[in-house]
Amino acid sequence: LIAFLLIAFPLPPLIAVIRLFVCFLAAGYFAVYVYKRRTRQTITVRAGAHLGWMTGIFSFTIAAIMVIVTLPSAATFRAQLMGKDPSVDQFIRTVDDRTIMVGVLLFTLMFLFALFNLLPTLGGALCAKVLEKD
């Protein structure tokens, strides 16, 4: 949840992408760090990756809910843009095709699943490796 709050602030695109990667790596890292600190148990790299993966599952669930909730507002936004620019009109007509829209939605969800699971998993494994020396 903290990672989502950190990526909510608008930044230039390149910095926003870098921030996305850093925030979700840090989410997995801090999940393992907090778990180790609270339980005082030794965590292997595999267990750290597993904790990071669980953080990623929660992150993906939040992202999927946000994408699905914002879909109805996209229709009103689309209506406001229609007729202002011919290239935008052509793009909107292309996206209006249900097959393309479903494909874009599925691709977006698969990309978010991969991204939001891979980064926290790597962060969790990294934290476990770093804390292994303690």
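**An all-helical predicted model**

In this predicted model, the protein has an average pLDDT of 84, and 91% of the residues score at least 70. Confidence varies along the chain: helix α2, covering residues 13-39, has the highest mean, at 91, whereas helix α4, covering residues 86-96, has the lowest, at 72. This contrast is worth keeping in mind when looking at the structure, because predicted coordinates should not be read in detail where pLDDT is low.

The fold is quick to describe. The protein contains 5 helices and 0 strands, and its elements follow one another from the N terminus as α-α-α-α-α. The radius of gyration is 19 Å, while the globule rule gives 14 Å for 134 residues; the protein is therefore more spread out than a compact globule. The extent of the C-alpha trace can also be given along its principal axes, where the trace spans about 60 × 30 × 20 Å.

Contacts and surface add to this picture. Among contacts in the protein with a separation of 6 or more, 69% join residues that are 24 or more positions apart. Buried residues account for 28% of the 134 residues. The accessible surface amounts to about 9500 Å², and carbon and sulfur atoms contribute 74% of that area. As for charge, the protein carries 12 positive and 6 negative side chains, with the centres of the two sets 15 Å apart.

Two residues of helix α5 help to bring the view down to single positions. The first to visit is N117, which is placed in helix α5, a helix made up of residues 98-131. Is N117 buried or exposed? Its relative accessibility is 6%, and since buried means under 20% relative accessible area, N117 counts as buried. Leaving aside residues up to four places away in sequence, N117 touches W53, G56, I57, F60 and L112.

The other residue is T99, which is also found in helix α5. T99 has a relative accessible area of 61%, and because exposed means over 50%, T99 is exposed. How far apart are T99 and I18 in sequence and in space? The two residues are separated by 81 residues in sequence, and their C-alpha atoms lie 32 Å apart. Helix α5 thus offers a reader both a buried residue, N117, and an exposed one, T99.

Terms used
Residues are numbered from 1 along each chain as its sequence is written. This is a predicted model: local features need pLDDT of at least 70, side-chain atom pairs count only at pLDDT 80 or more; totals for chains, interfaces and linings use all residues. Side-chain values use heavy atoms; hydrogens and water are left out. pLDDT is the predictor's confidence in each residue, from 0 to 100. Helices (H or I, at least four residues) and strands (E, at least two) are DSSP runs, numbered from the N terminus. The radius of gyration is taken over C-alpha atoms; the globule rule is 2.2 Å times the number of residues to the power 0.38. Buried means under 20% relative accessible area, exposed over 50%, partly exposed in between (1.4 Å probe, protein chains only). Contact means heavy atoms within 4.5 Å. Accessible areas come from the Shrake-Rupley method with a 1.4 Å probe; for residues, only the protein chains shown count as cover. Lys and Arg count as positive and Asp and Glu as negative; His and the chain ends are not counted. The place of a charge is taken as NZ of Lys, CZ of Arg, CG of Asp or CD of Glu.
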